Amino acid sequence: MKMWSGRFRQPLDPKFDEWQRSFTFDARLLPFEIAASSAHARALKSAGVLTSDELISILEGLDQLGKKLAASPELVNNADAEDVHHFVEQQLVALIGETGYKLHSGRSRNEQIATDLRLYVREAIGRLRTDLAELCAVLIECAEHSGNSAMPVYTHLQRAEPVLVAHWLLAYFEMFIRDTERLADCLKRANVCPLGSGAAAGATLPLDRRSLASELGFDSITANSIDATSDRDFVLEFVNALSLLGLHLSRWAEEMILFSSEEFGFVRLPESYSTGSSAMPQKKNPDLLELTRAKAGRVIGNATTLLITVKGLPLAYNKDLQETQEPLFDAVDTIESLLPVVTSWMRSAELNHERMQEAAQSGFMNAWAAATYLVKRGVPARLAHEAIGKAVQLCIAQNCELADLSLNQLRGFSPKFNQDFYDSINLNAVLAIHDVCGGTAPAKVKQALADARQKIESLREWVNAQP
Ligand code: ARG
């Protein structure tokens, strides 16, 4: 039986009927639909709409359905249900008879889908934060293994200054930790219960909304039924947060691709996560990284689809909202499939510390430190910059580094140069002068690592506290 056939004299056109169904994709919401339906049944009993026997029968029916689906997930294939809500009703009635139809008392699919999606987003956020905690932990491990080894950091993709390899890895840690925070922030607004909002104006029966919410683990209840049944901000926010996460993964992948090229040689591609070429026998290709780089586009596409789908909708529920489901699911599936492989890749990739260290010592990356030497001796910064710039010019002409210039040559640019200049521009000295919080001086990076470990600990505590 359809959920709304009474008013219609003609059956639906079969092609349209098939085309407008959402069960093919919203079937994944079944566990949430069943949980929310059980809570609704209890609220109906408290409101005096169901007898105790009817409640027991409905709850047992829903429970049985959940078990049946767990044992035979293929049950959802070939079902003729319009959507996940219709499917549960059909199945419940098949299991317990007409009492099953009483479950729909005082509720609308508009609030049901809003509830199921919120429960889905909540669970997905839990899983994604768990996966991100793993990735962040691996980044910390790699940073710890890197000890005090150095590499160049680039601006404009030109060598800029030497940094600790650990400092570079912690930059990615920061990005991904922000992603976990953003997801936690999304959760605040997603974890609010719309049940009791009815179709648009509020439930037609005196349902205890707060106990409905707490039974389902929501933090609170939505404040306005019109908004609650038409709001998909929580989906948009979430998928936008996933776009940003995808973008971070993409930037990470791009840098790993670049650094694994022969030209850089900083990263050795793990064979178990690389592929060969069918034509060129020597090739080892970074396919995992390339796919990761590309997947961000797909998630950003989903976020854009969502924004455009909801953009012009009048209040309250519109069927357009059904179209918000697939981009949401696809974004979650995409990121969820990525995180574990990226984490494993990071764990297996080898950094070529020798090569990085070598690169950190050349290319005038100590020029700013050299200018700072003069600044500390009273030379105005602009003039110090000019003097070192000229010294660099001379080095380029002589094909040498600043440390190779004689004191005499240096004094040609400024009388303030002394013998101690040479010690102030060796790699260790250059690293050490960046001695501010968030800077690359070894002591500060050590502190940053300790802070990062602390953040992982809190994240893991949160993960373990999840139901
Ligand atoms: N499948 C629908 C959706 O995802 C459920 C809500 C249907 N509501 C309605 N008034 N037709 O949006």
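Four exercises with worked solutions follow.

The model is predicted: local features need pLDDT of at least 70, side-chain atom pairs count only at pLDDT 80 or more, and totals for chains, interfaces and linings use all residues. Residues are numbered from 1 along each chain as its sequence is written, and side-chain values use heavy atoms, with hydrogens and water left out.

**Exercise 1. The ligand shell**

Task: List the residues around the ligand and sort them by class.

Solution.
- Step 1. Take residues with a heavy atom within 4 Å of the ligand. These are Ser 22, Asp 83, His 85, Arg 109, Asn 110, Ile 113, Tyr 317, Gln 322 and Gln 325.
- Step 2. Sort them. Two are nonpolar, five polar and two charged. Here Ala, Val, Leu, Ile, Met, Phe, Trp, Tyr, Cys and Pro count as nonpolar, Asp, Glu, Lys and Arg as charged, and the others, Gly among them, as polar.
- Step 3. Find the main contributor. Helix α6 (residues 109-145) gives the largest share, three residues. Helices are DSSP runs of H or I, at least four residues, and strands are runs of E, at least two, numbered from the N terminus.

**Exercise 2. Polar atoms at the ligand**

Task: Give the distances from the side chains of Ser 22, Tyr 317 and Gln 325 to the ligand.

Solution.
- Step 1. Start with nitrogen. A ligand nitrogen is 3.2 Å from a side-chain N or O atom of Ser 22.
- Step 2. Turn to oxygen. A polar side-chain atom of Tyr 317 lies 2.4 Å from a ligand oxygen. For Gln 325, the distance to an oxygen atom of the ligand is 2.7 Å.
- Step 3. Add the cover. On its own the ligand has 340 Å² of accessible area (Shrake-Rupley method, 1.4 Å probe). The protein covers 86% of that area.

**Exercise 3. The two faces of α13**

Task: Which residues of helix α13 (residues 353-360) are buried, and why are they on the same side?

Solution.
- Step 1. Buried means under 20% relative accessible area, exposed over 50%, partly exposed in between (1.4 Å probe, protein chains only). Met 356, Ala 359 and Ala 360 are buried.
- Step 2. These residues are on the same side of α13 because they cover an arc of only 105° around the axis. The arc is that of the directions from the helix axis to the C-beta atoms.
- Step 3. Check the face turned away. Glu 354 and Glu 358 are exposed there.
- Step 4. Name the cover. Among the elements over the buried residues are β1 (150-155), α7 (165-190) and α18 (427-433).

**Exercise 4. Thr 292**

Task: Is Thr 292 buried or exposed?

Solution.
- Step 1. Locate Thr 292 in helix α11 (residues 287-310).
- Step 2. Thr 292 is buried because its relative accessibility is 1%.
- Step 3. Leave aside neighbours within four places in sequence. Thr 292 then contacts (heavy atoms within 4.5 Å) Leu 249, Ser 250, Ala 253, Leu 338 and Val 342.

How values were computed:
Polar contact = N/O pair within 3.5 Å; in protein donor to acceptor, adjacent residues only side chain to side chain.
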